[in-house]
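Good morning, and thank you for coming. I should like to take you through one structure, beginning with the place where its chains meet and ending with some details of the backbone.

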Amino acid sequence: MGTTLDIKIKRANKVYHAGEMLSGVVVISGKDSVQHQGLSLTVEGTVNLQLSAKSVGVFEAFYNSVKYTLRCDMRRSLLAKDLTKTCEFIVHSTPQKGKWTPSPVDFTITPDTLQNVKERALLPKFLIRGHLNSTSCVITQPLTGELVVESSEAAIKSIELQLVRVETCGCAEGYARDATEIQNIQIADGDVCRGLSIPIYMVFPRLFTCPTLETTNFKVEFEVNIVVLLHPDHLITENFPLKLCRM
Amino acid sequence: MEKELWACAEANGHSRNRNYKAEFASCRLEAVPLEFGDYHPLKPIMVTESKTKKVSRKGSTSSTSSSSSSSVVDPLSSVLDGTDPLSMFAASADPATLAAAMDNSRKKRDRDDNSIVGSDFEPWASKRGEILARYTTTEKLSINLFMGSEKGKAGTATSAMSEKVRTRLEELDDFEEGSQKELLNLTQQDYVNRIEELNQSLKDAWASDQKVKALKIVIQCSKLLSDTSVIQFYPSKFVLITDILDTFGKLVYERIFSMCVDNRSVLPDHFSPENVNDTAKETCLNWFFKIASIRELIPRFYVEASILKCNKFLSKTGISECLPRLTCMVRGIGDPLVSVYARAYLCRVGMEVAPHLKESLNKNFFDFLLTFKQIHGDTVQNQLVLQGVELPSYLPLYSPAMDWVFQCVSYHAPEALLTEMMERCKKLGNNALLLNSVMSAFRAEFIAARSMDFIGMIKECDESGFPKHLLFRSLGLNLALADPPESDRLQILNEAWKVITKLKNPQDYINCAEVWVEYTCKHFTKREVNTILADVIKHMTPDRAFEDSYPQLQSIIKKVIAHFHDFSVLFSVEKFLPFLDMFQKESVRVEVCKCIMEVFIKHQQEPTKDPVILNALLHVCKTMHDSVNALTLEDEKRMLAYLINGFIKMVSFGRDFEQQLSFYVEARSMFCNLEPVLVQLIHSVNRLAMETRKVMKGNHSRKTAAFVRACVAYCFITIPSLAGIFTRLNLYLHSGQVALANQCLSQADAFFKAAISLVPEVPKMINIDGKMRPSESFLLEFLCNFFSTLLIVPDHPEHGVLFLVRELLNVIQDYTWEENSDEKIRIYTCVLHLLSAMSQETYLYHVDKVDSNDSLYGGDSKFLAENNKLCETVMAQILEHLKTLAKDEALKRQSSLGLSFFNSILAHGDLRNNRLNQLSVNLWHLAQRHGCVDTRTMVKTLEYIKKQSKQPDMGHLTELALRLPLQTRT
């Protein structure tokens, strides 16, 4: 083991906000005394724009391409290698001021409420009711609600919550829209009891969500789909746009 | 010098005359009046105590006794009277610690109230084994483990490798990213082993810091719980997999807990979240985030439940928020069986982590009731048809989980809640399953008080669903623990038995009957028990059904004998013995007999002669005895002999000694294969002879003399059939003493002769407790004992003087002694003591009404001469032996043997005799010659001689002492 560098940031969760001081220590450990010609710290913020392989000129994703790193370099004499250690940290936008107000939404799903159905007559009858406590969500709080299968002719296979991120990038020639599933949570498995409310509960993944963002050139938005799978092979989706914010 | 010593060998064996009475008086410790001073090591603590006591005694007793005598109370009781010193000490401890202790105990009490489950709560651990044993399958099982990330099989990286390398790598690391394993066609045992392996790899992964891999294993395992194929194995699967989850939960908790420990302080057991540092919190939060993103419902539920306890690190209210949410989450599980087990797991974790959160437990129960109708829904029915499982075997699969949930909810629950729960269960249709769990989980007192209601409900149950015999069994189990109202008791039994007796399947029948026997025995008389036993016999005899139900039948017997301690009542239960006849497999039969005998020995207080008991127990004992064969283990034989002996000791015909003896004769013929029993019988007969002597006050009539001779004859012919040589020797001696005491002189002689002729047969090594040990020390012990008896045995008129002693000496002479051993000489020394005692005018002790040699010969000079001659011979032998010990390696032995011989002469010899005197001086020198002797012993010996010389008639010892120099070691 030669000499090693290590960066220790004071905050265990590595989350900082604009205007805050990032502090910590650099730990140099080695067996003998270490000679060097200076230590330097660099902070880098990058946005990696990845071009889609599928369609020319479309960015694959914005999210997860924003990265902040803290780098520590130790310059040493010619004979010894320079040492480098990097450490990622997270910058959260400053929490919004003002009061957050919930925006609850009730929903009912029956064969009649569906769009994009080829042969409505072939669908088994069902009635699913429920509500989301709010479609505008605080990013650190889970998405909650309830869902009741009031009736269903066909046996239920599964009910899932699908969290989708929609990125839109606009410019003079038009705009590109890209939707990615970032999390899928099963809330019912098998033929659940009729008339009994099933909780809707989803924690927003820390690394894949951010507050809803809308600028003139690009947007980052989120949606949740309630997906019901019926026997033998029916897939029913109900879409709800979400507005995420950080309080 | 040397020559001189041996020349003395011809010295006369002059014994000194002894005045036993005077010696005894002088030897006795001086009687010093007891004085109990105030000092006692334990006393200082209780000074005040003893003071008040004295005062009170003075006040209460007006006796004139002096103060010294008043303190002569039992020292132990006086010390221990009052407060015991330890608690006194604790009480006087300083107030600070006292307050702290009180504080602690108060806290503890507070905690006891809600957050700690008492010992009256049957823990999960005790259910585990039962479930594993009960829910088994012969069908093939499969495990499907997919350790990949959700993105899909990452097979591309390995595809370049040859197949062989790949499989090898997979073997090396089953849980590498992307590996998928499907194990098909596993037997149940294979399955259990695989799960155990998974448990181990979880621990290994954790230990090698592969936390992600550990999490993956746990997720994959909990996924297995959503698979309901081979449904009859599901309860066992649940047990196995939740073990893994428990392990995981513990690992995570301990890991985070250890992160809270910094160099200075350890987190207390009941910490609050403020004491947890940020790193630990962040790690904990990370776990919860990771688990929250598990896609599938069932693994997400189980894994989160398994680390429920970790919420304590994050916030005070964490657990109380999490439990209701998890409870609701179970509603998403469609399969009712999977869902009820999920609830059971949640209750299990909940009871462990936060038993005071009753609300969630209750919600689990009522939620379950809401989904109860699903069991009879189409989805479940279709599945059963597919798997070919009938409803009566499907429904009991719910019992372990339901019982557990019900038990958690009803634990220390108010009566009102229990009643509400019961009412809710009643309302649901086809509720036998619920009823059964209510009976299994609720307090027995609650059930017992409503027995008649339950019987009514059981009767109303649908015949096609849950098996009724299980319901009656559950009810019976409650009634064994708690008593129903007095007025209902008979009706309950009648109603229940009416149903039980109609059960067609012998297995169902016996499982039920077994439980109800306890209730019957507890509350009813032998008449009802007899009826039940008769009914059991009737059901179990056709087609030899009893062969499959030995454990249950055994349990019935145990319950019956546990309640009927009076064996005369027990054996008057007509069907008891016919019931025993059902145990036709020998090993089981013997087990049952052993149980009966154990209870008999434990509870029979008075000796008995009741012919019913005797007949029955003789039969039982005979069964045990007859099971002994060449393959029977020693321990087993010992156990059986112990039990039979316990019986023999309890048989008494009172003053009817003849009957008693004939019982012993019968017993001997019955139990001839168990040596300890024969030994017991010999002792019993000897005791009988002595009893007779006692009754006749030593003067036998013609009749009793004949009877006693019969007893003696019994012993004489029984002893040779024993195998243990020392057993025989000791019994000969013992029986000889008994014969002597009963004035059967020739019989006594016969015993002693037999003993003497047996001595040459004593092997050099004997087996003691499975180990071979040299027998010499045992032989020495026996012979010394024998000599003591021989002192009082009168010589036979037709044989020579001291013929028994002579014969014994010959035998000792001819016995092949261990080389390099001095045992023979030690025995000869003892013989000298005997001969010295025999030459006294009046012997040390006598047997009442038997004239010993002292009165026979009356100190006749011829007799004394014979005696002296014998002494000479023996001494010559001793000296001869001492001579052979002149070799280097034997010098130490020579010295110690010489000294012991010196001591014998000193004690028994008449040292006024010059030659003996000279011999003793020579021995003294011999003992010291090679410096092998302990100087202190020599000094003590010399001091003793000097002290003795001051006694009257012992003046000559002064002179002797002068001739005994002490050698200083150089």
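A salt bridge, in what follows, is a side-chain nitrogen of Lys or Arg within 4 Å of a carboxyl oxygen of Asp or Glu. By that criterion, two salt bridges are counted between chain B and chain A. One of them joins the side chains of Glu282(B) and Arg206(A), with an N to O distance of 3.2 Å. Please bear in mind throughout that this is a predicted model.

Let me stay with the interface. Which helices of chain B each supply at least two residues to the side that touches chain A? They are helix H14 (278-292), helix H15 (297-306), helix H17 (318-329) and helix H19 (358-371). Of these, H14(B) gives the most, with seven residues. Sorted by class, the side of chain B that touches chain A has ten nonpolar, nine polar and nine charged residues.

In terms of contacts, 28 residues of chain B meet 23 residues of chain A. The area buried between the two chains is about 2,000 Å², and carbon and sulfur atoms give 56% of that area. Three residues deserve mention by name: Phe289(B), Arg295(B) and Arg331(B) together supply 29% of the area that chain B buries against chain A, more than any other three residues. Polar contacts are present as well, with twelve residue pairs counted between chain B and chain A, both members at pLDDT 80 or more.

I turn now to chain B as a whole. Its secondary structure comprises 50 helices and four strands. The chain has 970 residues, and 49% of them count as buried. Its accessible surface is about 48,400 Å², with 54% belonging to carbon and sulfur atoms. Among the contacts in chain B with a separation of 6 or more, 74% are between residues 24 or more positions apart.

Next, the backbone. As a general matter, most residues other than glycine have a negative phi, and most peptide bonds are trans. Three places in this model depart from that pattern, and I shall take them in turn.

The first is a peptide bond: the one from His231(A) to Pro232(A) is cis, with omega near -10°. Pro232(A) sits in the loop between strand E15 (218-230) and strand E16 (234-245) of chain A.

The second is Lys14(A), which is not a glycine and yet has a positive phi of about 60°. This residue belongs to the loop between strand E1 (4-9) and strand E2 (15-17) of chain A. Its relative accessibility is 35%, so Lys14(A) counts as partly exposed.

The third is in chain B. Asp209(B), also a residue other than glycine, has a positive phi near 65°. It is found in the loop between helix H11 (188-207) and helix H12 (211-223). Is Asp209(B) buried or exposed? Its relative accessible area is 55%, so Asp209(B) is exposed.

Finally, I would draw your attention to one more loop residue in chain A. Thr212(A) lies between strand E13 (197-202) and strand E14 (213-214). A polar atom of the Thr212(A) side chain lies 2.8 Å from the backbone nitrogen of Leu244(A). Leaving aside residues up to four places away in sequence, Thr212(A) touches Val220(A), Glu221(A), Phe222(A), Leu242(A), Lys243(A) and Leu244(A).

That concludes the presentation, and I thank you for your attention.

Definitions and conventions:
Residues numbered from 1 in each chain as written. Chains lettered and ligands numbered in written order. Predicted model: local features only at pLDDT ≥ 70, side-chain atom pairs only at ≥ 80, totals over all residues. Heavy atoms only, no water. Buried < 20%, exposed > 50% of the residue type's maximum accessible area, 1.4 Å probe, protein only. Contact = heavy atoms within 4.5 Å. Areas by Shrake-Rupley, 256 points an atom, 1.4 Å probe, with all protein chains shown as cover. Buried area = accessible area lost by both parts, 1.4 Å probe. Polar contact = N/O pair within 3.5 Å; in protein donor to acceptor, adjacent residues only side chain to side chain. Nonpolar A, V, L, I, M, F, W, Y, C, P; charged D, E, K, R; others polar.
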